Amino acid sequence: MKLRTFSRRWTVLNYAVTEPDKWTTKAIAEDLDVRFAAINEARHTLTQKGLIAKGKQIGRSRAIIPTPAGVDVFNRSLSK
């Protein structure tokens, strides 16, 4: 999968790669001051593509973690 740098999906993957198991979808939406649905849609797509997975439980939510494929895609997006 190719990600456009600074797109919504790239941003969610950035949170997962730089601070794995620390951010939930809700927390990312709040941090960026954007609608939860928009971040959740990006998270859902990244999960379907196998780039992120569910991590530890934080309250009633799950943190996100990158998969090895997610880390690879993210790193390739930075080397453009």
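This report walks through how the helices of a predicted model pack together, and then looks at a few individual residues.

**Helix α1 and its surroundings**

A good place to start is α1, which spans residues 8–18. Its buried residues are Trp-10, Thr-11, Val-12, Leu-13, Tyr-15, Ala-16 and Val-17. What lies over them? The cover on the buried residues of α1 includes the helices α2, α3 and α4, together with the strands β1 (52–58) and β2.

Two of these neighbours can be described through their axes. The α1 and α3 axes cross at roughly 75° and come within 9 Å. That angle makes α1 roughly perpendicular to α3. On the α1 side, Arg-8, Arg-9, Val-12 and Leu-13 take part, and they meet Ala-38, Ile-39, Ala-42, Arg-43, Thr-45 and Leu-46 of α3. Sorted by class, this contact between α1 and α3 holds 6 nonpolar residues, 1 polar residue and 3 charged residues.

With α4, the axis of α1 crosses at roughly 115°, and the two axes come within 10 Å. The crossing of α1 and α4 is left-handed. Here α1 contributes Trp-10, Leu-13, Asn-14 and Val-17, while α4 contributes Gly-70, Val-71, Val-73, Phe-74, Ser-77 and Leu-78. How many charged residues does the contact of α1 with α4 have? It has no charged residues, alongside 7 nonpolar and 3 polar ones. Leu-13 is worth a second look: this residue of α1 appears in the contact with α3 and also in the contact with α4, and Leu-13 is buried.

**The α2 and α3 pair**

Helix α2 covers residues 25–32 and helix α3 covers residues 36–48; their axes come within 9 Å and cross at roughly 130°. The two helices are therefore oblique to each other. In handedness, α2 passes α3 in a right-handed crossing. Thr-25, Lys-26, Ile-28, Ala-29 and Leu-32 of α2 form the contact with Phe-36, Ile-39, Asn-40 and Arg-43 of α3. By class, the α2 contact with α3 contains 5 nonpolar, 2 polar and 2 charged residues.

Ile-39 and Arg-43 of α3 touch α2, and both residues are also listed in the contact with α1.

Here are the three helix pairs side by side.

| Helix pair | Axes come within | Crossing angle |
|---|---|---|
| α2 and α3 | 9 Å | roughly 130° |
| α1 and α4 | 10 Å | roughly 115° |
| α1 and α3 | 9 Å | roughly 75° |

**Buried sides of α2 and α4**

Which residues of α2 are buried? They are Thr-25, Ile-28 and Ala-29. These three cover an arc of only 100° around the axis, which puts them on the same side of α2. They pack against α1, α3 and β2, the strand at 61–66.

Helix α4 (residues 68–78) has Gly-70, Val-73, Phe-74 and Ser-77 buried. Their arc around the axis is only 100°, so they sit on the same side of α4. Part of what covers these buried residues of α4 is α1. The geometry behind such patterns is simple: an α-helix has 3.6 residues a turn, so residues three or four places apart point the same way.

**Backbone details and single residues**

Most residues other than glycine have a negative phi. Two residues in this model are worth checking on that score. Phe-6 is not a glycine, yet its phi is positive, at about 70°. Phe-6 is placed in the segment before α1 and is exposed, with a relative accessible area of 68%. Asp-33, also not a glycine, has a positive phi of about 55°. Asp-33 belongs to the loop between α2 and α3, and its relative accessibility of 71% makes it exposed.

Is Leu-3, in the segment before α1, buried or exposed? Leu-3 is buried, with a relative accessible area of 4%. Its C-alpha atom is separated by 11 Å from that of Asn-14, which is 11 residues away along the chain.

Finally, Thr-47 is found in helix α3 and is partly exposed, at 34% relative accessible area. Thr-47 and Pro-66 are 19 residues apart in sequence, and their C-alpha atoms are 9.3 Å apart in space.

Key. Residues are numbered from 1 along each chain as its sequence is written. This is a predicted model: local features need pLDDT of at least 70, side-chain atom pairs count only at pLDDT 80 or more; totals for chains, interfaces and linings use all residues. Side-chain values use heavy atoms; hydrogens and water are left out. Axes are lines fitted to C-alpha atoms, for helices over the stretch in contact, and angles run from 0 to 180 degrees between N-to-C directions. Helices (H or I, at least four residues) and strands (E, at least two) are DSSP runs, numbered from the N terminus. Angles under 35 degrees count as roughly parallel, over 145 as roughly antiparallel, 65 to 115 as roughly perpendicular and the rest as oblique. A crossing is left-handed if the near helix is turned anticlockwise from the far one by less than a right angle, and right-handed if clockwise. Contact means heavy atoms within 4.5 Å. Ala, Val, Leu, Ile, Met, Phe, Trp, Tyr, Cys and Pro count as nonpolar, Asp, Glu, Lys and Arg as charged, and the others, Gly among them, as polar. Buried means under 20% relative accessible area, exposed over 50%, partly exposed in between (1.4 Å probe, protein chains only). The arc is that of the directions from the helix axis to the C-beta atoms.
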